Amino acid sequence: MVKAKKGKNARSEELLKKIFTTAYKIRVFETEGIKLYRRGLIRGYFHPYLGQEGIATGVCAALKEGDFIASTHRGHGHCIAKGADVGRMVAELLQKETGYCRGFGGSMHIADISEGNLGANGIVGAGTPLGVGAALANQIKGNDAVTVTFSSDGAANNGTLLESLNLAAIWNLNFILVIENNQYAVSTTIGESTRETDLYKRGEAIGVPSFQVDGNDPLAVHDLTEKAAEMCRKGEGPVLIEAVTYRHTGHHVNDPGAYMPEDKKKYYAERDPVDRARAALIEMTDLSQKDVQAIEEDIAKEFEDAVAAAESAGEVTVEEFHKFVANY
Amino acid sequence: MPDRELMYRDGLREALEEEMARDETIFILGEGIAERGGSYKVTEGLLEKYGAGRVRDTPIAEAGMIGVGVGAAIAGARPIIEILYVDFAMLGMEMIVNQAAKFRLMTGGSGRVPFIMRTQGGTGGGVAAQHSQSLEALFYHIPGLKVVMPSTPYDAKGLLKYALRQDDPVIFLEHKHLYMTKGMVPEEEYIIEFGKADIKREGTDVTLIAWSNMVPRTLEAAEELAKQGISAEVIDPRTLSPLDTDTILKSVAKTNRVVIVQEAVRRGGVASDIASIIQEELFYELDAPVQIVAGLNTPIPFNLELEKASVPQKDDVVEAVKTVLHDTNQLAAE
């Protein structure tokens, strides 16, 4: 079968493979992670990124080495898309010493500065000033790195968004604010939270080039981010991207999401970002269904291995903890 | 090289100038700090010397600028955020308390936050309730923050230079009454490490502990007490977090009497914590209960006489010393 890979919308196999692999890896991480949570292996909070995979995947596929991201409480997907090691992520969720934060941080605080990940964050809205700060640090150091903050409709009504995006604007920083509009602030709908539900307009109001994109379309997200990053590196930053999406689940694993109407869930399920990434890969490359299945099996295996390794890993001792905090 | 007499604000400026020359990742954000040189002239001349990239005026957006500073620090730069009044820092408390202070622990030690907030507090001639507070206890309460409160030009310079060479978030609290005060500062390079108290005056009868603008006031009280034959030792912790408890306890073990002087309100203050440490460690060495001379539990009123009545004055310190000595005499008489 000859595929339409030379068509107008064609992308390189490398990119399509990367996008599908990332999106699927997030899907597995969250789906299997919830099972670990139910088994009592993961404690505390767990905010699944299910349904929103297209955004982190598309955005990070457009970034270069040396670029930065800042994430949210719903941050597993961002970490994976930025290239985090699944083994160290699982270990962190299982509070093991081999985790990214040696078990001191957990789900809401995974960070890896050396890889440009400023971290997930337990405070909604906090990532925007932090990301702008990283962009400022890079401007002062004189490099052309771009910083992306993943934010949300919930955070869009927080004052620090205006304050810090405005600072990014007056200083022409290489900063991209991605507002993931999943239409709920915990359980409160976007319509109840603001009169202007087109959130990209918040950027326009302060002179920031702003765009809206279908967040469930990873390729569209990728293309727009690539354009935004180019604009930044040409000195036309910052840029705001509103990516509209919808969660598969409630706010966290213990929220059944009873307030989410079935017809809306169905609408977005039919536009599932992982399915779309898979379909694009099969349609636009020579890869067969079987090849894709092999990729999926590898990812599932990687997660299983990560859990096995984490389960056998040790934890930071109370004595080590006392040493750590001695100068606090 | 001889020492020179410098003003507190000049000591601060020299620290910034020298450290910015040493480390190109140091930059300053604040309101009116670039061309105007800051409300207290601390940053005067830095724009010309280091350019608009590293010395930037900001809009009036404290939460945003403090947050941006924290982000820049996490990403490997060394920001100094100047906040006009410590009262205004309250707008950025989320970023200080939940982000800067916690990042090192939350990342298991891999993330560091070399963020400095310079600001000033204290009463000062009728600037009323929202421009007069002494809020060090709020920051002292938060694990992960360093709290620095210099009282002299020498300490201000040395501590600020050290702040710019270490990797934890620093709340650098100056005092609006101290900027124009003078003191000797050496020409040659020096730094003052955190957690090292300074004995501002040696004595044998009573230990007085004070910081920031209460240091010169306490020294005046000590001078007056000396005239009455009472020898007071005055200790300035210089940094409240970390706190040099060794120097404090050594002095108290010698004098057996303590008065702690703080401008901040009494309730929930740093003085209470220092008192608790002293009684825990040296209860049986004390010849009198630890006395605290502190601000009244009140917002600062505008009226100058009421403002004065809200914070410790020299006579309050003298009286407290008499109390700890009097108690001793009573005990001896029994």
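These questions and replies go through a predicted model, asking what stands behind each description.

Me: Why is H2(A) called oblique to H11(A)?
Reply: Helix H2 (residues 53–61) and helix H11 (residues 273–284) of chain A pack at an angle of about 50°. Angles under 35 degrees count as roughly parallel, and 65 to 115 as roughly perpendicular. The angle of about 50° fits neither, so H2(A) is oblique to H11(A).

Me: How do you know that H2(A) and H11(A) meet, and which residues do so?
Reply: Contact needs C-beta atoms within 7 Å. On H2(A), A:Glu53, A:Gly54 and A:Thr57 take part. They meet A:Pro273, A:Val274, A:Arg276 and A:Ala277 in H11(A). The axes of the two helices are 8 Å apart.

Me: What makes up that contact by class?
Reply: It has three nonpolar, two polar and two charged residues. Gly counts as polar here.

Me: What makes E3 and E12 of chain B edge strands?
Reply: Look at the order of the open sheet: E3-E2-E4-E5-E7-E6-E12. Strand E3 (55–57) and strand E12 (239–241) each have a single partner strand, so one side of each is left without a neighbour in the sheet. Neighbouring strands of this sheet are turned by 20° against each other on average, direction ignored.

Me: How do you know that E4(B) and E5(B) pair?
Reply: Pairing takes at least two bridges. Four bridges join strand E4 (residues 78–83) to strand E5 (residues 116–121) of chain B. The condition is met, and the two strands run parallel. B:Glu82 stands opposite B:Arg118 in E5(B).

Me: What makes up the contact between the two domains of chain B?
Reply: The domain assignment gives domain 1 (3–186) and domain 2 (198–333). The contact takes 25 residues from domain 1 and 24 residues from domain 2. On the domain 1 side, the elements giving two or more residues are helix H7 (136–140), strand E6 (146–148), helix H8 (153–163) and strand E7 (170–175) of chain B. That side divides into twelve nonpolar, ten polar and three charged residues. The centres of the two domains, taken over C-alpha atoms, are separated by 27 Å.

Me: What makes up the contact between chains A and B, and which element of chain A gives the most?
Reply: Chain A brings 32 residues and chain B brings 34 residues. On the chain A side, helix H5 (127–141) and helix H6 (159–170) give two or more residues. H5(A) gives the most, with eleven residues. By class, the chain A side has 18 nonpolar, eleven polar and three charged residues.

Technical notes:
Residues are numbered from 1 along each chain as its sequence is written. Chains are lettered from A and ligands numbered from 1 in the order in which they are written. This is a predicted model: local features need pLDDT of at least 70, side-chain atom pairs count only at pLDDT 80 or more; totals for chains, interfaces and linings use all residues. Domain bounds come from an automatic or database domain assignment. Axes are lines fitted to C-alpha atoms, for helices over the stretch in contact, and angles run from 0 to 180 degrees between N-to-C directions. Angles under 35 degrees count as roughly parallel, over 145 as roughly antiparallel, 65 to 115 as roughly perpendicular and the rest as oblique.
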